[in-house]
Amino acid sequence: EMFGQLTTGLESAWNKLRGVDRLTKENIAEPMRDIRRALLEADVSVPVARSFIESVTEKAIGTDVIRGVQPEQQLVKVVNDELVQLMGGEVSDLVFAKTGPTVILLAGLQGVGKTTVCAKLAFYLKKMGKSCMLVAADVYRPAAIDQLTILGKKVGVPVYSEGTEAKPSEIAKNGLKEAKSKKTDVVIVDTAGRLQVDKAMMNELKEVKKAVKPTEILLVVDAMTGQEAAALVGAFNVEIGITGAILTKLDGDSRGGAALSIKEVSGKPIKFIGRGERVEDLEPFYPDRMAQRILGMGDVLSFVEQAQQVMNQEDAEELQKKIMSAKFNFNDFLKQTKAIAQMGSFSRIIGMIPGMNKVTPAQIREAEKNVKFMESMINVMTAESRATIKINILQLP
Ligand code: GDP
């Protein structure tokens, strides 16, 4: 499981808060140390982990207690929101040129999955209805052009190449010209990777950049390299000026440090993630979904969120009193079903309650039908009966 270790590390933090009635500076100190340790073990850099812990601590202490929500669940929510912020908040969409072909320049060290990303991106864009062309400007590794040609065939997009003798900036320029004449929507330029960052590689990228003026310059980095990947994105950005990163190999046992640190360290967003070797295995990077995967608690998060939004504290308390004292009338019942309707469908709500995932869709439909039926029965009652006839919920079958 992706980030399994990080998820486990965070779990021990929640467990330490069992039974406390609110979050305080004192009782979150130890859980915070667990979270810090889990982040460092995931290969998040020390300064990133430190500022993360500081802002979570500050926000956790300041949160209002919500009735029915455990303090540890509230901390999960605070950590989630901060994780989302750390990873850039919003999804960062690919930018397209207003006129002419959009040029996407791909850079990256050898072996990170850059050539594979060319094909994956082309596949992704084709599905969006965009026509694509790949340009083979990696002239140093002879197999690179063949590999790109094979991948291009596989996804059904043309590959422009001039062999290994031409200059990469010339190849890119000519490729773009060809794409213009064919009215291709997007040109993806594959550039040479090196074993490590060096001047020749940076200079070549600068030349290609000057020659084709890309809309997007994306650095492909390998998630397995953790905080190194984040530092690399920063370095490339300073040197070339990039628009974002593509993080590959998130399907392996990467520890998550790269996903968590890239935005914070480099100022540039992750735009896509690769989760496998197939051309289908590329998806836009959604900070919120990633945070949920890390926490492994999608249900708790939605529960806290919706409780915050819908459940007005006084209403909830009054209702509880009425139910306990069997003074629950039909108007209260209607109010309740409305509040539930605001939280979404029955199936969604049931999905959010831990342990309720065994309820079958048929049972949910049946329950929904029953509620609709009861609502219509109540709607034909007189106002007086609605207010005076009491339902003793504790005695319902
Ligand atoms: P390049 O040198 O950067 O062009 O790297 P390649 O595209 O040739 O990929 C290097 C190796 O990594 C190949 O064996 C790919 O199949 C593999 N690879 C690329 N992306 C992913 C990914 O997201 N997940 C996994 N598991 N393997 C990948």
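# A walk through three domains and a ligand shell

Let's start with a short stretch: the end C-alpha atoms of residues 269–282 lie 16 Å apart, and this span is 0% helix and 43% strand. Helices here are DSSP runs of H or I with at least four residues, strands are runs of E with at least two, and both are numbered from the N terminus. UniProt, in an unreviewed entry, places the feature "domain: SRP54-type proteins GTP-binding" at residues 269–282. UniProt positions are given in the numbering used here, feature names are shortened, and such annotations may be inferred rather than shown by experiment.

A word on what you're looking at: this is a predicted model, in which local features need pLDDT of at least 70 and side-chain atom pairs count only at pLDDT 80 or more, while totals for chains, interfaces and linings use all residues. Residues are numbered from 1 along each chain as its sequence is written.

Now zoom out. The protein has 17 helices and ten strands. Of its 397 residues, 40% count as buried, where buried takes 20 or more other C-beta atoms within 10 Å of a residue's own, exposed takes 12 or fewer, and partly exposed is in between, with C-beta atoms placed from the backbone. Take the contacts between residues at least 6 apart in sequence, and 77% of them join residues at least 24 apart; a contact is two C-beta atoms, placed from the backbone, within 7 Å.

The domain assignment gives domain 1 (4–89), domain 2 (102–285) and domain 3 (311–395), with bounds that come from an automatic or database domain assignment. The centres of domain 1 and domain 2, taken over C-alpha atoms, are separated by 35 Å. Their contact takes eleven residues from domain 1 and twelve residues from domain 2. On the domain 1 side, the touching residues divide into six nonpolar, three polar and two charged. For that split, Ala, Val, Leu, Ile, Met, Phe, Trp, Tyr, Cys and Pro count as nonpolar, Asp, Glu, Lys and Arg as charged, and the others, Gly among them, as polar.

Next, look at helix α4 (71–86). It has 16 residues and reaches 22 Å from its first C-alpha to its last, close to the 22 Å expected at 1.5 Å a residue; the expected span is 1.5 Å times one less than the number of residues. α4 is mostly covered, with twelve of its 16 residues buried. Charged names turn up in that buried set too, including Glu72, Lys77 and Glu82. After α4 comes Gly88, with a positive phi near 110°. On the other side, the loop between α3 (46–61) and α4 holds Asp64. Asp64 is exposed, because just 8 other C-beta atoms lie within 10 Å. Asp64 and Leu23 are 41 residues apart in sequence, yet 9.2 Å apart in space, C-alpha to C-alpha.

Over to helix α9 (residues 227–240), whose 14 residues reach 20 Å from first C-alpha to last, close to the 20 Å expected at 1.5 Å a residue. Gln227, Ala229, Ala230, Leu232, Val233 and Phe236 are buried in α9. A reminder helps here: an α-helix has 3.6 residues a turn, so residues three or four places apart point the same way. The cover over the buried residues of α9 includes β1 (102–108), β5 (216–222), β6 (244–248) and α10 (257–266). Gly241, with a positive phi near 85°, follows α9.

Glycines aside, a positive phi is worth a look: most residues other than glycine have a negative phi. Lys249 has a positive phi of about 65° and is found in the loop between β6 and α10. Lys249 counts as buried because it has 22 C-beta neighbours inside 10 Å. Lys183 also has a positive phi, near 55°, and sits in the loop between α7 (168–181) and β4 (186–191). With 9 C-beta neighbours inside 10 Å, Lys183 counts as exposed.

Then there's the ligand. Of the 18 residues around it, Gly113, Lys114, Thr115, Thr116 and Gly274 come nearest, where being near means a C-beta atom, placed from the backbone, within 6 Å. Helix α5 (residues 114–127) gives the largest share of this shell, three residues. By kind, the shell divides into one nonpolar, eleven polar and six charged.

Finally, Asp332 has its place in helix α14 (residues 330–343). Asp332 counts as buried, with 20 C-beta neighbours inside 10 Å. The C-alpha atoms of Asp332 and Ala387 are separated by 8.6 Å, although the two are 55 residues apart along the chain.
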